[in-house]
Amino acid sequence: MSVEVDALLQEAKESIEAAQNYRSELQQRLHGLNQARSQVRGSSGQAREALRRHFTELQAAASRLLTERLIALLAEVDSIEADSIKPLDDCQSLIEHGVGQADELLREGEAALRCGLGEKEEKLGSFTKKAMHIQLDSLPEVPALVDVPCVSAQLDDSLLGLLRERVSRHGAVSSCPPVQIDELQERPGGILVRWCKVDEDFAAADYRLQHRRSGTGGSQYEDSYIGRDCEFLVLQVDPHTDYLFRVCARGEGRTEWSPWSIPQTGYTTLAPHEWSPGTDGFILSSRRNIALRNDSSQTRCRVLYSNAPTYFCGQTLTFKISAAGQVDRRDGLGVCVNCQKGAESLQRDQAVCISTNGAVFVNGKEMTNQLPAIATGSAVTFDMEVVNLFPVSSSNNNLSDGCNFKLRVTIGSGSREVVFDWLVDQAVDGLFFGCSFVHSGWKVLVF
């Protein structure tokens, strides 16, 4: 009987635990459903507000433009009228003056005819002289109606049709942005953001990525990248800090950007790659991720190493050349197991590197394959993965005790890459990186 009770009790406990898990899962789904509802309602409200604000501004701007155009056209009418009426007014004044002279002459002539014989000769003579002075056969020219302006307004009725057509296609409402952030990968001192199109009918010409700190009210989104690529490494972010990312696109032949994607949160736990300070011949930036070779007065210059072994297998290490000096086969950019203080080259044992002339060295030996020479704008990448691990000490399974690593190394430069296996004689958690240049002028960003 006790066995049966124990079995029932165990079954009851399992059922209770299953019910608790079931309730927890349902509550999580309910929370996700509430988030989805909030997103729909919140985005709908924002869309309504954006539409009202835009069309209100558009109406005000259109009214202002029409009013300005009306005022300009009325001013043209006033100017034409004023310029055309003045000569007509001058001609009218001249004619009215002539009519007055003619009336006065007629009165004198009629008076001369009515006067007595004694003074008729004198008055007729005076009248005749005055008539000759007035030049009764000279008349002012009055312009014909075809020679004076006939002001009219030409109004193109097609404007309303064009406006109606453009307005009917102006603006759009979308339930989903054409691009969304697809992946966020943490990198040393940065976050790799990848995005993709979710609307296959949308022909994207450019993408625009923005980011900002999460949880800070005063923080504004700032542009991280504008271009045709579908991924970008955002650098200069603080480790263990959440950042919000969003992306939009611009269609072929369009000037406006699409709606923003749904913001995604990303962060990195990896400390940024830094060069080690205090190496003669190099100047470092404030973040220590940029090194400038500044002194070639001595032909011998020590290797500049990383501040710590921060490169791990499975990551991509990139050297970006922002300025180039004179090429020398003794130069090197690469990765090594340890820092050899005072070493003048990475072309040594337990190191792999590429020279500025494109030669690749593995444990100090030059490979047959060669990459393009390094120049301003070049980006050299190192990718590594563990291929084999042998042998392991049988006493305590300690990887650092008599153990060799074989690493598969891929070095890329330009559009070419070389792949080889690198045998490391000790197990390491992380690898150092370094650079050495014989001549000054080289400037390297590492990330």
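## Close-up views of a predicted model

The structure holds 12 salt bridges, a salt bridge being a side-chain nitrogen of Lys or Arg within 4 Å of a carboxyl oxygen of Asp or Glu. This is a predicted model, where local features need pLDDT of at least 70 and side-chain atom pairs count only at pLDDT 80 or more, while totals for chains, interfaces and linings use all residues. Residues are numbered from 1 along each chain as its sequence is written, and side-chain values use heavy atoms, with hydrogens and water left out.

**View A. Aspartate 223 pairs up with arginine 208.** The closest N and O atoms of this salt bridge sit 2.9 Å apart. Aspartate 223 belongs to strand β4 (residues 222-227) and arginine 208 to strand β3 (residues 204-213), so the pair links distant parts of the chain, 15 residues apart. Strands here are DSSP runs of E with at least two residues, helices are runs of H or I with at least four, and both are numbered from the N terminus. Aspartate 223 is partly exposed at 40% relative accessible area; buried means under 20%, exposed over 50%, and partly exposed in between (1.4 Å probe, protein chains only).

**View B. Arginine 329 reaches glutamate 366 from a loop.** Their closest N and O atoms are 3.2 Å apart in this salt bridge. Arginine 329 lies in the loop between β11 (316-323) and β12 (332-336), and glutamate 366 is in strand β15 (residues 365-370), so the bridge ties together parts that are 37 residues apart in sequence. Both ends are partly exposed: arginine 329 has a relative accessible area of 43% and glutamate 366 one of 44%.

**View C. Aspartate 421 forms a salt bridge with arginine 408.** Here the closest N and O atoms are 2.3 Å apart. The pair links strand β18 (residues 416-424), home of aspartate 421, to strand β17 (residues 404-413), home of arginine 408, with their positions 13 residues apart in the count. Aspartate 421 is partly exposed at 35%, and so is arginine 408 at 29%. Elsewhere, Glu183, Arg194 and Glu231 are joined into one network by salt bridges that share partners.

**View D. Two separate nonpolar cores.** The largest core has 37 residues, and Phe319, Phe382, Met384 and Trp422 make the most contacts inside it. The second has 16 residues, including Ile191, Tyr207, Leu209 and Tyr225. A nonpolar core is a set of buried Ala, Val, Leu, Ile, Met, Phe, Trp, Tyr and Cys residues joined through side-chain atoms within 4.5 Å.

**View E. A nonpolar patch on the surface.** Leu51, Phe55, Leu58 and Val173 make this patch of about 340 Å². Patch residues have over 30% relative accessible area and no salt bridge, with nonpolar side chains (Val, Leu, Ile, Met, Phe, Trp, Tyr) joined within 5 Å and like charges within 9 Å. Leucine 58 sits in helix α1 (residues 2-114) and is partly exposed at 36%.

**View F. Cysteines without a disulfide.** The structure holds 0 disulfides, a disulfide being a pair of cysteine sulfur atoms within 2.5 Å. The sulfur of cysteine 336 is 5.6 Å from its closest cysteine sulfur, in cysteine 339, which is too far for a bond. Cysteine 336 is buried, at 0% relative accessibility. For cysteine 176, the closest cysteine sulfur is in cysteine 196, 10 Å away and again too far; cysteine 176 is partly exposed at 40%.

Conventions:
Accessible areas come from the Shrake-Rupley method with a 1.4 Å probe; for residues, only the protein chains shown count as cover.
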